[in-house]
Amino acid sequence: MDPQYPARPAAMDEPDALLPQLLARHSETYNAAAPEYERRVAQNYEHADRRVRRIAQSLVPGGKVLEVGCGVGLNLLWLARQGFTCTGIDCSEEMVRLAKRRNPDVGVIIGDFLSHELPSSYDAIVADAVVHLFPEAGVRAFMARCRELLRPSGVLCLGTTVSASSSEGWKVKSDFAGDLMRYRREWTRQEFETLLTGDDWKILDYWELPDPRGKNWMCIVGTLA
């Protein structure tokens, strides 16, 4: 492991110091990865369509949806086609450029979801492949921000890969060229479901779906109780 990327950040219990470090690293990594994500769009079309259609079953028809970590904008494309009023946000300038090109009629913002001033509350927030980029302190901040931005009875949809055991740390994106490094947490289903249980949340739906490269994704949808 490169010494600048310890297995766990030293500032694990100091999110104010840790999270800007993660944001800077992830912005750089996903700027570099954006062209490969764009090349993979065609093979991901059906996967994105199936995922969004399932998500839409739990959402208010025509509602306002914010996608966090919108990437090259494929989910935004399908959400808009399902009739939702969409906004996307991503920390990668290059991802945002590609998302805007794919969705010229959708507002797409470059910024940090945890701190960016967003214009209004939302009926739903969709965050696919986002929470696994945070350690525990960041996940707490992420969930608090979602509660802040969602309307009463708002819906949150989260997605990540299924893991048999939990772990976290700086890891290379092994299916991309260039030894691209990002922080990665592996979630078990049991751990993942705890994000949308308790006094604040009620789980509405859960499913698993393999992607074209053989990764098995779990998606969980919950509403503010």
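This passage looks at one enclosed helix, the nonpolar cores and the cysteines of a predicted model. Residues are numbered from 1 along each chain as its sequence is written, and side-chain values use heavy atoms, with hydrogens and water left out. Because the model is predicted, local features need pLDDT of at least 70 and side-chain atom pairs count only at pLDDT 80 or more, while totals for chains, interfaces and linings use all residues.

A good place to begin is helix H3, residues 74-81; helices (H or I, at least four residues) and strands (E, at least two) are DSSP runs, numbered from the N terminus. Of its 8 residues, 6 are buried, so H3 is largely enclosed by the rest of the structure. Here buried means under 20% relative accessible area, exposed over 50% and partly exposed in between, with a 1.4 Å probe and protein chains only. Trp78 is one of the buried residues of H3. Just after this helix, Gly83 takes a positive phi of about 95°.

Next come the nonpolar cores, sets of buried Ala, Val, Leu, Ile, Met, Phe, Trp, Tyr and Cys residues joined through side-chain atoms within 4.5 Å. The largest has 35 residues, and Phe142 is among those with the most contacts inside it. Helix H5 (136-149) is among the elements that each supply at least two residues of this core, and its share, 5 residues, is the largest. Apart from it lies another core, of 33 residues, including Trp78 and Cys219.

As for the cysteines, a disulfide is a pair of cysteine sulfur atoms within 2.5 Å, and the count comes to 0. The sulfur of Cys157 lies 3.1 Å from that of Cys219, its closest cysteine sulfur, too far for a bond.
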